[in-house]
Amino acid sequence: MNADAAVVSLKGVRKEFDRGGVVALQDIDLDVQAGEFVSLIGPSGCGKSTLLRIVGDLIRPTAGDVVVNGKPAHQARLDRDYGIVFQDAVLFDWRTVEKNIGLPLELTGWSRQRRADRVHELIELVELSGFERNHPWQLSGGMQQRVAIARALSFEPALLLMDEPFGALDEMTRERMNLELLRIWDQTRSTVIFVTHSIAEAVFLSTRVVVMSPRPGRITGVVDVDLPQPRGVETREQPRFAELVRDVRRTLRRGGGFEADEAGEDELIVAEEGL
Amino acid sequence: MTTTLRRAGDWGPAAAVFVLGIVAWEAGTRLYIEEFLLPPLSSILETLRDDWGTIWSAGIFTFKEALGGFAIGSSAAVLMALALARWRPLGRAFMPYAIAANAIPIIAFAPITNNWFGILSPASKMAIAAVLVFFPVLVNTLRGLTSVRPAQIELMRSYAAGELEIFRRVRLPNALPYLFSGLKVATVLAMIGAIVGDYFGGSQDALGILIRRSAGIFDFKLAWAAIVVASILGMLFYAAVATIERLTMRWHPSARAD
């Protein structure tokens with residue numbers, strides 16, 4: 001791998017939370033190359049969301065180097081090098097759909113006309129035409145999340161950070177959103193780091209799945225997903241998909257001692273080890 | 001047609017209670033209740049018609065006292081809330097006292113503000129109304145400014161937004177619904193403050209004085225007529241703030257009815 005092309009490079013990252021000296025993350029080394037779609041998967045408490053926030057400079061690591069787009073994470077945040085999407089859409093109730101999407105552009109100081117053009121493009125990208133003037137509470141959960149994705153993409157960041165963006169959606173909406181995300185990723189060619197606790201979702205979306213374990217949070221394995229691109233509804237029915245799901249599940253079990261059910265649903269049971 | 005009927009169905013029970021209440025009042029006062037306890041509604045309305053000029057001008061006088069107190073008290077409270085939200089240590093130092101002060105029966109100070117600002121001056125009534133209004137508006141607004149979801153702050157930080165930007169684009173709009181619920185309570189408190197302030201003496205034109213004097217000379221019809229005017233003004237005051245709230249916050253889920 002060529003280290004120069006890495007959009008994100010983590011070396012020896014460690015995070016302790018002050019109270020009780022809990023080690024949330026330890027010895028994290030990870031490079032993410034341009035154009036990759038990397039999922040972080042693991043049970044609750046493995047520090048995957050913390051790791052995502054460290055990449056975004058929303059949390060400072062206790063030790064280690066975090067380089068984003070070739071510069072320290074702090075500088076990358078100030079340069080608006082990444083867009084972020086949370087589990088909850090985090091829309092502002094007082095703003096319409098188009099104004100929510102345009103918020104980062106307002107902060108960047110884009111002119112009104114340029115902003116309107118860009119927002120129009122994004123609304124078409126996430127298929128929300130006709131809802132420009134609606135307020136967040138008038139939208140379904142899936143639509144709200146599409147607004148959040150459009151907003152994160154608005155300023156064309158090199159990197160997209162997603163923290164369980166579809167975790168609160170029902171299974172059917174989630175699968176549809178997965179397809180849409182792949183379509184958007186295909187069109188925008190951005191680099192994505194995606195936190196999830198659904199094995200099926202991770203395998204379906206990613207080019208690489210990074211498996212994490214709790215106490216302390218660490219990387220216990222990496223599964224390369226060699227499913228052909230572009231992926232679609234039929235991808236989930238391929239034998240290779242099932243194999244990869246099994247690989248990820250085994251890696252999870254080896255690392256942290258928990259199980260997940262066949263459907264890839266997030267029923268992660270922590271074994272005796274921690275009790 | 002069906003919507004009209006449904007509307008009628010929604011309002012029907014309330015309208016029925018209103019009519020029944022008036023009938024019970026009128027019948028009760030004519031048949032059983034002495035006039036000094038409660039005069040019949042019809043005679044109150046007659047007094048209201050006959051003495052409208054006096055009562056209404058007294059009402060406006062007291063309403064101005066209430067409005068002045070409301071304006072002074074709530075703007076001071078909003079400024080204070082902005083300062084306490086901006087400089088958190090300041091907030092931590094002051095908030096316990098603000099919350100404690102909320103429990104003080106401030107109306108007890110009314111005779112004292114008369115001493116401070118002059119018994120005949122509307123300023124003494126405005127002062128008591130302002131102090132009454134101050135704490136609920138402060139506590140509500142501050143809660144609105146500080147109860148922002150952490151994810152909203154994280155999102156703004158991910159756009160490299162500074163504290164001032166976050167304040168302007170997240171904290172202020174987030175505080176609006178809280179501010180307005182504080183202001184609505186404040187309209188009622190300001191009217192109470194002004195009228196009770198009047199009770200302890202002041203200009204002959206004031207509503208509180210009119211109520212106290214007419215009750216003192218057993219002119220209960222006039223006292224009740226003045227109370228009706230006080231109620232109407234209080235309701236209009238509340239409704240005005242509620243209307244501004246609706247216009248300002250069309251985005252709010254509570255505005256979905258229209």
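## Exercises on a predicted two-chain model

In this predicted model, 15 residues of chain A are in contact with 14 residues of chain B.

**Exercise 1.** State which elements of chain A give two or more residues to the side that touches chain B, and how the residues of that side divide by character.

*Solution.* Step 1: the elements that give two or more residues are α2 (73-78) and α3 (97-108) of chain A. Step 2: the residues on this side of chain A comprise nine nonpolar, four charged and two polar. Step 3: for the complex, the predictor reports an ipTM of 0.83 and a pTM of 0.80.

**Exercise 2.** Work out the strand order of the open four-stranded sheet in chain A, and find which strands stand at its edges.

*Solution.* Step 1: start from β1 (residues 6-17) of chain A, which is joined to β2(A) by eight bridges in the antiparallel sense. A:F17 has A:V22 in β2(A) as its bridge partner.

Step 2: five bridges join β1(A) to β4 (residues 63-68) of chain A, again antiparallel. Here A:K11 is partnered by A:D65 of β4(A).

Step 3: β4(A) pairs with β5(A) over two bridges, in the antiparallel sense; A:V67 has A:P72 in β5(A) as its bridge partner. These two strands make a hairpin with two residues between them, and A:N69 in the turn has a positive phi of about 55 degrees.

Step 4: the order is therefore β2-β1-β4-β5 in chain A. β2 (22-33) and β5 (71-72) each have a single partner strand, so each has one side without a neighbour in the sheet.

**Exercise 3.** Identify what the buried residues of helix α9 (residues 207-216) of chain B pack against.

*Solution.* Step 1: the buried residues of α9(B) are B:L207, B:G208, B:I209, B:L210, B:I211 and B:S214. Step 2: they pack against α3 (52-86), α8 (163-199) and α10 (220-248) of chain B. Step 3: after α9(B) comes B:F218, with a positive phi near 60 degrees.

**Exercise 4.** Determine which elements of chain A have the lowest and the highest mean pLDDT, and give the chain values.

*Solution.* Step 1: chain A has a mean pLDDT of 87, with 91% of its residues at 70 or more. For chain B the mean is 89, and 96% of the residues reach 70 or more. Step 2: among the elements of chain A, β12 (residues 269-270) has the lowest mean, 36, and β3 (residues 37-41) the highest, 96. Step 3: over residues 259-275 of chain A, pLDDT stays under 50, and the model has 28 contacts beyond four places in sequence for them.

Terms used
Residues numbered from 1 in each chain as written. Chains lettered and ligands numbered in written order. Predicted model: local features only at pLDDT ≥ 70, side-chain atom pairs only at ≥ 80, totals over all residues. Pairing = 2+ DSSP bridges. pLDDT = per-residue confidence, 0-100. Contact = placed C-beta atoms within 7 Å. Buried ≥ 20, exposed ≤ 12 C-beta atoms within 10 Å, placed from the backbone. Nonpolar A, V, L, I, M, F, W, Y, C, P; charged D, E, K, R; others polar.
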